[in-house]
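Subject: Structure for your review

Dear colleague,

Please find below the sequence and the structure that I am handing over to you. My findings follow.

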Amino acid sequence: YGVQSGFISINRAPGGTLGNRNFVAHLAAIGTPALLLSTLGARTRWGARVGGAAVVTLAAVLALSRSRAAWLALAAAAVIAIVAAVAAPRRWHGTVVAGRARWLVGASALGVLAAVLLPNTLNWKSDSPYLDSVRGVVNYREGSGHGRVLQYRNTVRLSSGHPVLGVGPGNWAVQYPTVASPNDPSLDTDDGMTANPWPSSDWMAFLSERGWTAFACLVLVFVGLGVGGLSALTVDAAPGDFAQGLALVTTVIAAAAVGAFDALLLLPAPALLVWGLFGALSTRARPRAVINLSSGRRLVAALLVLALGLGAVWRSASQAAAMALVERDGRVPALERAAALDPGSYRIQMRLAELDARRGRCDAVRLRAGRAHALFPAAAAPRRLLAACGGRIRAR
């Protein structure tokens, strides 16, 4: 709508500060059941009005995003919510909740209409982009849908070769080219690497990178949460317990559906929201066991969490500093400092190797390109540099 900010990415608009419209839509879809629960159960009219404004905003965001994974997730959650509402009409008839529910349906429709009809600066390639997305929401025979099916099939093959511990977190992009089919759309045809650092599915990522046992444990967690929510959907349940249980079930379904088609739990922002919502919404679903820790054990646990957190912060800060050096100064000394800060960066190692190749320093090329090749054995660029300098290429 013309608003410009350095915090807003334009590469995958409308992606906001997350930089990717799909990421924004995932957050919106996962948060919708909790938002509806808060709005329907608001104690004051002003609370309900604020919630209604948020519903209008989320509806507009979800429409603008054209994220089919988010749309499918909301559709699946809506089916469960409608069935629950129809199965217990006396619970809602003539109540404030029923009136607010009708009002929120109108608010959602208003948000969608505003998103579609109000002029914006989005430059979609199609004359009817939203209708095209609706038509292709379950299309798996062509386009991105067919690409996902192909990627899932090959990822299952990859996981079958590493069933116990998987290929390791973050290593899907390293290993996937070894099982990719000819003309696989998941691969960049120029360098033979994957276009994305993770698969287009949480479930495929956990299956291939963590192994079958970890994948089964994650599935059991989702099933357990869903069963806990369903246990609250009884005839004699209090209205608050019933609504919260329904919100938990729909949130689990939405998260599972989004995770089937895109990365959700792999990313920090949506993972924080999803697991936080699961914890908050499951408080009434069923009683929880309480584990009492002594003060000494609490101190040890706190120190352990602090140490792990500081390690993660140091790692992230080093990577951010390395990227800043590369962007600010592309000369060799700056790149070498960046490589020291982040030795696992394929991009930095390749930049150095290319600069060394231009200067005819084959010893440095073999070092840098060799490290890049070790990080991504399937990548063509380091293999070319090594071959030009007579370097030994490790067999894939």
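In this predicted model, helix 1, which covers residues 21-40, packs with helix 12, which covers residues 268-281. The angle between them is about 25°, and their axes lie 10 Å apart. Angles under 35 degrees count as roughly parallel, so helix 1 is roughly parallel to helix 12. The crossing of these two helices is left-handed.

Which residues make the contact? Helix 1 contributes Leu-27, Ile-30, Gly-31, Ala-34 and Leu-37. Helix 12 contributes Ala-269, Pro-270, Leu-273, Val-274, Leu-277 and Leu-281. Sorted by class, the contact of helix 1 with helix 12 consists of 10 nonpolar residues and 1 polar residue, with no charged residues.

Helix 1 and helix 12 also take part in the largest nonpolar core, as each gives two or more residues to it. This core has 25 residues, and those with the most contacts inside it are Ile-30, Phe-222, Ala-255, Val-274 and Phe-278. The other elements that give two or more residues are helix 9 (202-210), helix 10 (212-231) and helix 11 (239-261). Of the contributing elements, helix 11 gives the most, with 7 residues.

Ala-255 may serve as an example to locate in the model. Leaving aside residues up to four places away in sequence, Ala-255 touches Ile-30, Phe-222, Leu-264, Val-274 and Phe-278.

There is also a second, separate core of 21 residues. Among its members are Val-174, Leu-187, Ala-353 and Ala-369.

Yours sincerely,
A colleague

Technical notes. Residues numbered from 1 in each chain as written. Predicted model: local features only at pLDDT ≥ 70, side-chain atom pairs only at ≥ 80, totals over all residues. Heavy atoms only, no water. Axes fitted to C-alpha atoms, helices over the stretch in contact; angles between N-to-C directions. Helix = DSSP H or I, 4+ residues; strand = E, 2+ residues; numbered from the N terminus. Parallel < 35°, antiparallel > 145°, perpendicular 65-115°, else oblique. Left-handed = near helix turned anticlockwise from the far one by under 90°. Contact = heavy atoms within 4.5 Å. Nonpolar A, V, L, I, M, F, W, Y, C, P; charged D, E, K, R; others polar. Core = buried A, V, L, I, M, F, W, Y, C linked by side-chain atoms within 4.5 Å. Buried < 20%, exposed > 50% of the residue type's maximum accessible area, 1.4 Å probe, protein only.
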